[in-house]
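Student: I have a new model open on my screen. Can you show me how to read its features, one at a time?

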Amino acid sequence: PFKRWFFFFGIQVFLHLFIDAFNAYGIGWFEPFSHYRVSFNTIFVIDPFFTIAPAIGFIILLFSAGNYYRRRRWAALGVSVSAGYLAFCIENKLMVDMEVDAALRQQQVQHSNFFTTPTPMNNFLWYVVVKEDSGYKIGYASVFDNANKLSLKYYRRNDSLLGNSRENTELKYLLRFSKGYYTIEKWHDTLVFNDIRFGQ
């Protein structure tokens, strides 16, 4: 029936919009009323461990026919493995955040804020950005490391290089999109804008 199909596709769209908030890119849940992008920085945009179980389930369902309950079990298995992996990622995120926070306090690093996000294609090595007044301290933390091993390198924001460019419409979009996590570099006669949320 139409209602059942509508409910089915509605669930797919809702889940997609919900899961998109767990990566670093984020999603504008509140558009057009607010440009704020919701991002929990829990899972990389492309993570094979998250994708492989539903992909296997999809292929099996595509080429199998017959028993409804058998097909339903394959679908449930694909979804439940991904959901379990997402829960594992959330647990990693909480653990890494606690360890980074403890390391910053131990090293007496003065900061206004910090964030962690997984590096490409995995959930074991995390990218760490610590925000300071004039720049950032950047490093990496592994779920297998001791918190005391956190090593950070400083990068200046270089806001002064922007000058009158701040009124540029495209630059305003970039500043908003980066959530304040950016650096400016000068390459000869060109200004380069780096959104450091996605790596160095």
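Tutor: We will go through the sheet, the aromatic rings, the helix ends and two buried polar residues. Keep in mind that this is a predicted model.

Student: Start with the sheet. In what order do the four strands stand?

Tutor: The order is β1-β2-β3-β4. The sheet is open, and the pairing is antiparallel.

Student: Which strands stand at the edges?

Tutor: β1 (113-118) and β4 (152-156) do. Each has a single partner strand, so one side of each is left without a neighbour in the sheet. Neighbouring strands are also turned against each other, by 25° on average, direction ignored.

Student: How do I read the pairing of two strands?

Tutor: Look at the bridges between them. β3 (residues 135-142) and β4 are joined by five bridges, in the antiparallel sense. To get the register, find residues that face each other: K137 stands opposite Y154 in β4.

Student: Which helix packs on this sheet?

Tutor: Helix α3 (residues 68-106) does. This helix touches β1, β2 (125-131), β3 and β4. The direction of α3 makes about 140° with that of β1.

Student: What should I look for in a strand's side chains?

Tutor: In a regular strand they alternate between the two faces of the sheet. Now try a hairpin. β5 (residues 182-187) and β6 (residues 190-195) run antiparallel and share six bridges. Y182 stands opposite D195 in β6.

Student: How many residues lie between the strands of that hairpin?

Tutor: Two. Check the backbone angles there: H188 takes a positive phi near 55°.

Student: On to the rings. How is an aromatic pair described?

Tutor: By the distance of the centres and the angle of the planes. This structure holds 20 aromatic pairs. Take F49 and Y85: the centres are 5.9 Å apart, with 35° between the planes, which makes a tilted pair.

Student: What does that pair tie together?

Tutor: F49 lies in helix α2 (residues 48-63) and Y85 in helix α3, so the pair ties together parts that are 36 residues apart in sequence.

Student: Are these two rings buried or exposed?

Tutor: F49 is partly exposed, at 44% relative accessibility. Y85 is buried, at 11%. The cut-off for buried is under 20%.

Student: Give me a pair within the sheet.

Tutor: Y127 and Y140 form a tilted pair, 5.7 Å centre to centre, with 50° between the planes. Y127 belongs to strand β2 and Y140 to strand β3, 13 residues apart. Y127 is buried, with a relative accessible area of 3%. Y140 is partly exposed, at 38%.

Student: Which residues form one aromatic cluster?

Tutor: F14, F18, F22, W29 and F40.

Student: Where does a charge sit over a ring?

Tutor: Look at K179 first. Its charged end sits over the ring of Y36, 4.8 Å from the centre. Then find R197, which lies over the face of F177, at 4.8 Å from the ring centre.

Student: K179 follows a helix. What happens at the two ends of α4?

Tutor: At the N-terminal end, look for a cap. N168 caps α4 (residues 169-177), with a side-chain oxygen 2.9 Å from the backbone nitrogen of E170. Just after α4, K179 takes a positive phi of about 55°.

Student: Now the polar residues. Is K93 buried or exposed?

Tutor: Buried, with a relative accessible area of 11%. K93 lies in helix α3. When a lysine is buried, check its polar partners. Here a polar atom of the K93 side chain lies 2.5 Å from the backbone oxygen of T116. Beyond neighbours within four places in sequence, K93 is in contact with F40, N41, T42, T116 and W126.

Student: And where is N123 placed?

Tutor: In the loop between β1 and β2. N123 counts as buried, at 0% relative accessibility.

Student: Which side chain joins that of N123 in a polar contact?

Tutor: That of N92, at 3.0 Å. Leaving aside neighbours within four places in sequence, the contacts of N123 include T42, D47, Y85, C89 and P118.

Technical notes. Residues are numbered from 1 along each chain as its sequence is written. This is a predicted model: local features need pLDDT of at least 70, side-chain atom pairs count only at pLDDT 80 or more; totals for chains, interfaces and linings use all residues. Side-chain values use heavy atoms; hydrogens and water are left out. A polar contact is a pair of N or O atoms within 3.5 Å; within protein, one must be able to donate a hydrogen and the other to accept it, and residues adjacent in sequence count only if both atoms are side-chain atoms. Two strands pair if DSSP finds at least two bridges between them. Axes are lines fitted to C-alpha atoms, for helices over the stretch in contact, and angles run from 0 to 180 degrees between N-to-C directions. Contact means heavy atoms within 4.5 Å. Rings of Phe, Tyr and Trp (its six-membered ring) pair if their centres lie within 6.5 Å; planes under 30 degrees apart count as stacked, over 60 as edge-to-face and the rest as tilted. Buried means under 20% relative accessible area, exposed over 50%, partly exposed in between (1.4 Å probe, protein chains only). A charge sits over a ring if NZ of Lys or CZ of Arg is within 6 Å of the ring centre and within 35 degrees of the ring normal.
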